[in-house]
Amino acid sequence: MVATVIGFGARAPAKVLELLSKSSSNITSVRSQNIQSALLKAPYRTFSAGNDETAGDLIVYCLPSSVSEYLRFGSEANTVRSAILSSTATVAIFDTKADDFVGGSVDDIVAASNDDGKKDALASAAIQSLSSLDVLASSQFGSKKQSDTVIVVGSGGREHALAVALARSPLVGKVICCPGNGGTAVEGGKVTNAEGVNGKQDNDTIIALTKRVNADMVVVGPEQPLVDGIVDAMAVACPDVRVFGPSKAAAELEASKAFTKDFLQEHGIPTAKYRNFTNADEAIAYVESLDENDRQVVKASGLAAGKGVLIPTSKEETIAAVKEIMSDKSFGNAGDTCVIESFMTGPEASCLAFCDGKTAVLMPAAQDHKRALDNDEGLNTGGMGAYAPAPVVTPSMQKEIEAMCITTVEKMAERGTPYVGVLYAGIMCTPNGPSMLEYNCRFGDPETQVVLPLLETDLYEVFIACCDGTLGSVDVRFKENTCAATVVCAAKGYPETYPKGMEITGIDAANAIEGVKVYHAGTKLDENTVTRCSGGRVLAITGMGPSFTDALGASYEAIKGIDFVGSNGESLMHYRTDIAKGVLNKKLRIGVLGSTRGTALLPIIEACASGALHAEIVAVVSNKKDALILEKGKSLGVTVTTKFISSKGLSRAQYDAECTSTLLEAGAEFVVLVGYMRILSKQFCEFWAGRCINVHPSLLPKHAGGMDLAVHQMAIDAGDSESGCTIHQVTEEVDGGPIVVQKSVKIEAGETAESLKTKVQPLEGPAFVEALQKYCGKTVISYADAGVSIDAGNELVEIIKPACKSTIRPGCDADLGGFGGLFDLAAAGFDSKDTVLIGATDGVGTKLRIAQATKKHDFVGIDLVAMCVNDLIVAGGEPLFFLDYYATGSLEVDEAAAVVRGIAEGCRQSGCGLIGGETAEMPSMYAPGDYDLAGFSVGAVHRDRILPSGVGAGDVLLGLSSSGVHSNGFSLVRKLIASEGLTFDSPCPWDASCETIADSLLTPTKIYVKACLPLLKNQLLTAMSHITGGGLLENLPRSLPKGVVAEITGHPPLPPVFKWMQQASGLDDREILRTFNNGVGMVLVVKADKVAEAKELLKQAGEDVYDLGILVNGEGEQVVMKQELE
């Protein structure tokens, strides 16, 4: 008989399982996720097909436990009605409240297939049950329908997710967020923000709001109101209003880590070894008594905004952590008591449970990402992303953790502090099993944004049941075959100093993407209803789909269109690009069935341990109580299920069903048969089709069907020249499944079955490893996955090639693509014997911040070249070639191309060839939108023309004008602009010809090469000085010998930009001369009799020349101002 089971969700009633095991050989399920796994267990031991088709000889329908469920899944009831009216199937209705079938017993239903009377009786009872549901559902239409008002306390992403989930209930008319955020303000439908609360969420505000709106329930999001006793206060002020959350006494589970550790130890709930201290000296003495390798975690016992946990790596750091918490009071009164506990290893999981004061129901486990940057680097945050259900928590582990939560709720009730609300268990999945890190008394953030979207049951009905102590009567179910992942978008700089007030763009488009929901956290609406950033974590972009690949794809697709736009148009948004990367590349979970020593299992174990096999063994099961393979399983640790299952009294299919149940509970996805001495049932082979392999000691298809020595003898008797082993998929046909891997050996003359076995058997383990590697499905992690785009780099090279080609000069071809750039000195006119090479390197500094903020990148490349070649010519040389280094977190091709075109222009202005460079894309090293530049220039000078040379008293100082601030002093420049209340887009206060401040400041550094080369060739100069950081007072002495002093008598008037800087900063003449170039970018030292010739050449080059002063003999400071700046 074919049976279809509908609507049982997480339930698996014993009578339903009894019926299915008696009546059906093929069972399909619809919204009944636990039926299949429950049927596999004793005493039923029955395989089911497990698909989602709604057809069959028998339909078993679970009556919805609530109006909401009936309204939401009315199509299922219609399927049942249709089957009754058409008499196409026997229909059995199960009533969960009565825990029994309606209209007949299990035996009656079994007999109904051949008894029309019993079938009609069942149909009549079914119609009556459905009619009763129709009457109940009709109450939700019209003026008398239930339309409750719910208040959600809080303003984060968690509260937005709660509000959205509650609003889905047909029993809820309004969801009022107190105080809410910019997202809940515009969510629409049933969701609004509370009016007149002024951002408050204290007890008095909540109570007053409850009375004003006549609320039916208050749901508390953050922990602080719970610790402040809002539940207790509401019980007094509004006793008829349900409050979802624990009392102040129950919330001590979060408020005091010391209390929780004592509680866990008292009730046998696994947790790390610990000690509580109220005296710092005693705590330090305890740490000093520990072994050097006994690593500890130090926690402030009280609430510390999620920051009171320190993880030192040495005994010295542990003592320092104790002092920080207890002596320095870094976390205030939260550190009055200090918890010191042993450091545990393993992945963490966030496990949330609904609690009604009597029991607990665990939700799917989630995992979050705490670190700010990719690859789990950077500072800790409140959470940068999460995903659920977390594969790290296996079905058996889920039951263990749920049992811990149930024990907690039961024991809290026994002590007179019943726990109602959500219990957040922080779990460490250690090699010894799940261990409790801590409890929180509220939903996690961002875990809520991935767990609640998976909930299928009406959240409001669950909350009502929790408040009323009737959680056991509600079927809390979650969507099958669905994954959720959320990526947090934060303000750039979070969790340290970060900006606020940026406009958020792209939210509506993101929400329009299928499977995406944008949850708001740190947002607000301005007076024009524009959504702006108001916190560090701003948005959580949740995607859903049938796999994590789909869910993450939806999230990141949505993020592409979202931005936080700064006042200068710059992007100020940051997010991680590797959320759930590990789960996309998770290890294959292997279950092993074996009957013997399991020798071939050892290479698999070793390959898993070494990483050669991207897999893990999660279960070892045997049909032999004393099989040595069980010892190998036990050696892997307590988290590996190691179990003997007796086959006594069981059919082949029943035994295989119980083995399958054990494997699934352990989380196995793939089965390996290692010396397994049983023929497998058809049902097992179909269930594990394509996911089970075995080894046979021959080169199949030869000699199939035999075992051990008999197979080897068959190979010898057949006169085979070779034999070996075959790894093959397991099918119903013994040794007939598809071949995966074969290993061969030669059969020698005089070979015996025993000698052949000794040659073949060592091949079996490596063959298994090779075969499993084909199934691991390890995702190839490309450079692009790491955030580096090779394609973008290649595209950039093609774009900038013409610009580089334009810099060709004698000696180089300025082509790109090789490993190094070549330069021919002879072709450039230099005799290598008398030529000295000069190298110079520099960057552009924080001037880049202005280019990045305003997205004006065209001129910083000129700055880069100028800073190098101007230094180079000071030594008397001619620039020959240039190389650049461009580093960024994420390569934006157009942006980088603009920079390189600027570099090429600088090379043209200085007459040097751009012969190569490096573009380095380094995710996590640079924030999005940031890049840095470095330049390297090489020049040449004749050995006897190196400068400075022959500098002495009487030499004249000539100054060449600068083009502006050039590329030094910009840290001060940016600070002055901010202190004056200006932005880079503000009108320029010192130059009306420039539209904005940025336009003026981004004027490129002047390149002096072509103006000065004629003077160098005519040997008119004794020295030169490039005026950069340190100004005239610091740079000119670098070109002067001791005993010579420069007297400045003719410094030109300060250009307007420097006058503005001096006024805004308050710097005196000396300090501004040590900071900026002040209008003089290059100083030339000329013999007195050569001044006229030098000036004429400079005039021909278009230079403005200043008579700066003269050199005299003297000691002390080498630059003396003989005038005040004008």
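## Leu-1084 and the nonpolar cores

In this predicted model, Leu-1084 is in contact with a set of residues beyond its neighbours within four places in sequence. Val-956, Leu-957, Leu-958 and Leu-960 are among them. Cys-1012, Leu-1015, Leu-1021, Ala-1023, Met-1024 and Leu-1098 also touch Leu-1084.

Leu-1084 belongs to the largest nonpolar core, which has 88 residues. Together with Leu-1001 and Met-1024, Leu-1084 touches the most other members of this core. Helix H30, covering residues 860–873, supplies the largest share of the core, namely 8 residues. A second core, separate from this one, has 80 residues. Its members include Ile-269, Cys-405, Met-412 and Ala-491. In soluble globular proteins, nonpolar side chains tend to be buried together.

## A sheet of four strands

An open sheet is formed by 4 strands, and their order is S38-S41-S39-S40. The pairing in this sheet is mixed. Strand S38 (835–843) lies at one edge and strand S40 (913–921) at the other; each of these edge strands pairs on one side only. From one strand to the next, the twist averages 15°.

One pairing in the sheet joins S39, residues 878–888, to S40. The two run in the parallel sense, and their pairing extends over 8 bridges. Within S40, Leu-914 is the bridge partner of Phe-882.

## Val-695

Val-695 is part of strand S35, which spans residues 692–696. Its relative accessibility is 12%, and buried means under 20%, so Val-695 counts as buried.

Several residues touch Val-695 when those up to four places away in sequence are not counted. They are Leu-673, Cys-725, Thr-726, Ile-727, Glu-764 and Phe-768. Gln-729 is 34 residues from Val-695 along the chain, and the C-alpha atoms of the two are separated by 8.9 Å.

## Confidence in the model

The protein has a mean pLDDT of 90. A value of 70 or more is reached by 95% of its residues.

Some stretches have lower values. Over residues 51–55, pLDDT stays under 50, and the model has 12 contacts beyond four places in sequence for this stretch. Residues 778–788 also have pLDDT under 50 throughout. For residues 778–788, the model has 15 contacts beyond four places in sequence.

Definitions and conventions
Residues numbered from 1 in each chain as written. Heavy atoms only, no water. Pairing = 2+ DSSP bridges. Axes fitted to C-alpha atoms, helices over the stretch in contact; angles between N-to-C directions. Buried < 20%, exposed > 50% of the residue type's maximum accessible area, 1.4 Å probe, protein only. Contact = heavy atoms within 4.5 Å. Core = buried A, V, L, I, M, F, W, Y, C linked by side-chain atoms within 4.5 Å. pLDDT = per-residue confidence, 0-100.
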